[in-house]
Amino acid sequence: MIKTFCKTQVEVNVSEDGYLEDMSQWNKEIAHEIADEIGIELTDKHFEVINYLREKAAAKEALTIRKVGKSGIVTIKELYQLFPKGPLKFSSKIAGIPKPTSCI
Amino acid sequence: METQEANTKKEIVEKKPLEKVCIICAKGSLEDVYATLVMANGAVMEGIETNVFFTFFGLDGITKKQMNHLHTATIGNPAMRMPGGLPFPTMLGGLPGVETAVSGMMRKQMEELDMPPVEEFLEMITAGGGTIYACKLAIDMFKLEKKDLSDEVEDIITIGQFYELCDGDRTQIIFT
C-alpha cells in the first residue's frame, strides 16, 4: 500500500495498519503526521524514545516495553504517559518501524 | 429494501473492539499466574481497561513471600518433558528438589524472552493503568493481610464488588 503524507507530499509504502514498510523512508515530518493521526503531540522526550526504537529496530533487536523501560530514557509509566493506550504500538508506528510482534 | 440490507451488512462489518477485560486467576502454578500476567499486560498495552482478581491459590501470585518463587508441577503434568523432548518420568518428578530445579529452569527461559519476574510484571501492569485486586474470601481463608500482599495490589474486595467493576457491553471476563 502506498500512502501520501499531505504536509510533506512524500509517498511511502505502508502496511495495512499504517506501519512504514521501509524505515529508511522515515523523517521527522512523517513522524509528526502519524502522531497527529493518533492524537499525540510530539515533544523532545517522544523523539528520544523514537530514536531509541529506531536504533534497536535497525539492529534487528526485538522490542518490548520492558526493554524500553530499562533503556534509561523513560520508565514504563512514563512510556505510557507519552504514548497513551499503545506504548509500543503507537511509538513504533510513529518511529516508522514495523508493527511490534512482542507480547510483553 | 436494498438500503436496509446494506445497513444490516454495515452493522456486521463494523468492528466493536474490546474495551475492558476482567481476569480471574485462581491457580498458583508458575504457568497459571504467568498466563494471567501476560494477558493482563497485553490488554493494558492495547489500551484496554484491565482488572485482575487473584483468588484461592492464585493469591500466591501476589503474596510477597511466594510471588517470585512460583513452581510448575513436575507430577501430574503430562506436558512436562525432559530437555530434548523425552518424556519426564513421574518418579523423577517426585524427588526432592526436582520441582524447584525445573521451575528455576522455566524462569530462566522466560527471562531470556524478556518475561519479567512476577513482582516486576505486576508493576508493569499497574504502570499502564491496570488494577490488581485480591479476593476477600480467599484472604480470610489463608489468614493473610494486606501487608502480606504486593504493593501493587489496589484493594481486597469481594466477588460481588469485582462483578460491579465488570460493567459495560464490551467487557469480557476471563478465568485462568
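Select B:Lys143 to begin: at 70% relative accessibility, this residue counts as exposed. The model is predicted, and every value in this tour is computed from it. B:Lys143 sits in the loop that runs between α6 (136-141) and β4 (153-157) of chain B. Check its backbone as well: phi is near 55°, a positive value in a residue other than glycine.

Stay in chain B and select B:Glu145 and B:Lys147. Their side chains form a salt bridge, with the closest N and O atoms 3.9 Å apart. B:Glu145 is partly exposed, with a relative accessible area of 46%, while B:Lys147 counts as exposed at 56%.

**A second positive phi**

Go next to B:Asp114, in the loop between α4 (98-112) and α5 (118-127) of chain B. Phi is near 70° here, again a positive value in a residue other than glycine. Is B:Asp114 buried or exposed? B:Asp114 has 16% relative accessibility and counts as buried, because the limit for buried is under 20%.

**Across the chains**

Keep B:Asp114 shown and add A:Arg66, A:Lys70, B:Glu111 and B:Glu120. Salt bridges that share partners join these residues and B:Asp114 into one network. Within this set, zoom in on B:Glu120 and A:Arg66, whose side chains meet in a salt bridge at 2.8 Å, N to O. This pair crosses between chains: B:Glu120 belongs to helix α5 of chain B, and A:Arg66 to helix α3 (residues 65-69) of chain A. A:Arg66 is buried, with a relative accessible area of 3%. Over all chains, a search of the whole structure finds 17 salt bridges.

**A bridge between two strands of chain B**

Select B:Lys20 and B:Glu49. Their side chains meet in another salt bridge, at 4.0 Å from N to O. The two residues are 29 residues apart and link distant parts of the chain, with B:Lys20 in strand β1 (residues 20-25) and B:Glu49 in strand β2 (residues 49-54) of chain B. What is the relative accessible area of B:Lys20? B:Lys20 has 8% and is buried, whereas its partner B:Glu49 is partly exposed, with 45%.

**Inside helix α4 of chain B**

Move to B:Ser103, which is found in helix α4 of chain B. B:Ser103 is buried, with a relative accessible area of 0%. Display its surroundings: leaving out residues up to four places away in sequence, B:Ser103 touches B:Leu30, B:Leu70, B:His71 and B:Thr72.

**The cysteines**

Colour the cysteine sulfurs. How many disulfides does the structure hold over all chains? The count is zero. Start with A:Cys103, whose sulfur has its closest cysteine sulfur in B:Cys25, 18 Å away and therefore too far for a bond. A:Cys103 counts as exposed, at 53% relative accessibility. Then select B:Cys135. The closest cysteine sulfur to this one is also in B:Cys25, at 12 Å, too far for a bond. B:Cys135 is buried, with a relative accessible area of 7%.

**Chain A as a whole**

Hide chain B and show chain A as a cartoon. Chain A has five helices and two strands, and from the N terminus on its elements run β-β-α-α-α-α-α. Its radius of gyration is 13 Å, close to the 13 Å that the globule rule gives for 104 residues, so chain A is as compact as a globular protein of that length. Align the view to the principal axes, along which the C-alpha trace spans about 35 × 25 × 20 Å.

Of the 104 residues of chain A, 45% count as buried. Among contacts in chain A with a separation of 6 or more, 50% are between residues 24 or more positions apart. Turn on the surface: the accessible area of chain A comes to about 5500 Å², and 50% of this belongs to carbon and sulfur atoms.

**The hairpin of chain A**

End at the two strands of chain A. Strand β1 (residues 2-5) and strand β2 (residues 10-13) run antiparallel and are joined by four bridges. Select A:Phe5 to find A:Val10 opposite it, in β2(A). Which residue of this hairpin takes a positive phi? A:Gln9 does, with phi near 55°, in a hairpin that has four residues between the strands.

Notes
Residues are numbered from 1 along each chain as its sequence is written. Chains are lettered from A and ligands numbered from 1 in the order in which they are written. This is a predicted model: local features need pLDDT of at least 70, side-chain atom pairs count only at pLDDT 80 or more; totals for chains, interfaces and linings use all residues. Side-chain values use heavy atoms; hydrogens and water are left out. Two strands pair if DSSP finds at least two bridges between them. A disulfide is a pair of cysteine sulfur atoms within 2.5 Å. Buried means under 20% relative accessible area, exposed over 50%, partly exposed in between (1.4 Å probe, protein chains only). The radius of gyration is taken over C-alpha atoms; the globule rule is 2.2 Å times the number of residues to the power 0.38. Contact means heavy atoms within 4.5 Å. Accessible areas come from the Shrake-Rupley method with a 1.4 Å probe; for residues, only the protein chains shown count as cover.
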